[in-house]
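Here are a few worked exercises to try with the model open in your viewer. Have a go at each task before you read its solution.

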Amino acid sequence: MRILLVEDHREMRDLIAEHFVGRGFAVDAVGSAEEARAALPGGGYDVLILDLGLPDSDGMEVLRAAPMLVPGGVPTLVVTARDSLEDRLLGLNEGADDYLVKPFSLLELEARLRAVLRRPGTREGPKLSCGALLYDAGTREVSVRGEPIEMSRRESDLLEALLRAAGRVVVRDILEEQLYAFNEPVTPNALEAVVSRLRRRLINAEAGVRIETRRGIGYRLVAETTAEGG
Ligand code: CA
């Protein structure tokens with residue numbers, strides 16, 4: 001799960017980011033509306049945490065722009081010091097999925113965020129398949145012939161990126177972006193390690209797919225029956 005956090009208050013931003021990183025989310029944290037608009041397209045975010053009081057413009061403008069920057073929009077949890085009922089209604093009318101007034105506890109923020117992510121319709125949930133493998137992009141459940149396969153968040157992020165590419169090679173940079181937040185240190189072999197774990201799981205589950213390496217370029221997922229050569 002990937003969060004874009006937009007909050008200009010540095011300490012609050014760090015606290016929120018650390019909390020969610022500790023819970024296994026990838027978090028990109030920015031401090032202005034401009035950075036948020038730049039990060040949204042192609043960021044692959046599952047949810048946006050948006051402060052309304054930003055230094056360069058009102059966070060509400062980011063909320064209004066989001067559906068134009070990301071096809072289908074991004075589920076959004078607004079956090080703000082404004083506590084009037086009018087502001088709440090405005091936020092919800094403009095497309096926020098929930099609204100949290102400061103000060104709040106991190107645990108409350110987490111509970112609200114998980115509720116937003118679970119809400120039907122806030123996330124596209126297409127079923128992606130390859131070989132005998134079925135992946136639900138909404139629930140992130142992986143199964144082979146109806147048998148669920150357990151995997152880590154990074155492994156399912158990787159699997160989803162490869163499945164979405166539908167047999168095409170996905171370059172390393174794109175995969176690293178999908179798997180790691182931009183401020184997260186990525187060691188040169190980190191991606192290889194995740195690929196290797198995912199490969200093992202797919203083989204053990206007899207998923208009928210394999211991950212091919214294009215040395216120096218990236219990876220692609222192919223169904224074993226339609227794979228070309230070795
Ligand atoms: Ca603020």
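**Exercise 1: a strand residue**

Thr80 sits in strand E4 (residues 76-80); strands (E, at least two residues) and helices (H or I, at least four) are DSSP runs, numbered from the N terminus. Before you start: this is a predicted model, where local features need pLDDT of at least 70 and side-chain atom pairs count only at pLDDT 80 or more, while totals for chains, interfaces and linings use all residues. Residues are numbered from 1 along each chain as its sequence is written, and side-chain values use heavy atoms, with hydrogens and water left out.

Task: work out whether Thr80 is buried or exposed, and list its contacts beyond four places in sequence.

Solution.
1. Buried means under 20% relative accessible area, exposed over 50%, and partly exposed in between (1.4 Å probe, protein chains only).
2. Thr80 has 2% relative accessibility, so it counts as buried.
3. For contacts, look for heavy atoms within 4.5 Å.
4. Skipping neighbours within four places in sequence, Thr80 touches Asp51, Leu52, Tyr99, Leu100, Val101 and Lys102.

**Exercise 2: checking a helix**

Task: compare the expected span of helix H6 (residues 153-164) with the distance between its end C-alpha atoms, then look at Glu160 in that helix.

Solution.
1. The expected span is 1.5 Å times one less than the number of residues.
2. H6 has twelve residues, so it should span 16 Å, and its end C-alpha atoms are indeed 16 Å apart.
3. Nine of the twelve residues of H6 are buried, among them Glu155, Asp157 and Glu160.
4. Glu160 comes out at a relative accessible area of 11%.
5. The side chain of Glu160 makes a polar contact of 2.6 Å with that of Tyr135. Such a contact is a pair of N or O atoms within 3.5 Å; within protein, one must be able to donate a hydrogen and the other to accept it, and residues adjacent in sequence count only if both atoms are side-chain atoms.
6. Just past H6, Ala166 has a positive phi of about 50°.

**Exercise 3: two domains**

Task: describe how domain 1 (2-118) and domain 2 (127-223) meet.

Solution.
1. The bounds come from an automatic or database domain assignment.
2. Taken over C-alpha atoms, the domain centres are 28 Å apart.
3. Eight residues from domain 1 and eight residues from domain 2 take part in the contact.
4. The two domains bury about 650 Å² between them, 39% of it on carbon and sulfur atoms. Buried area is the accessible area (1.4 Å probe) that two parts lose on being put together, summed over both.
5. Strand E2 (residues 26-30) gives the most to the domain 1 side, with five residues.
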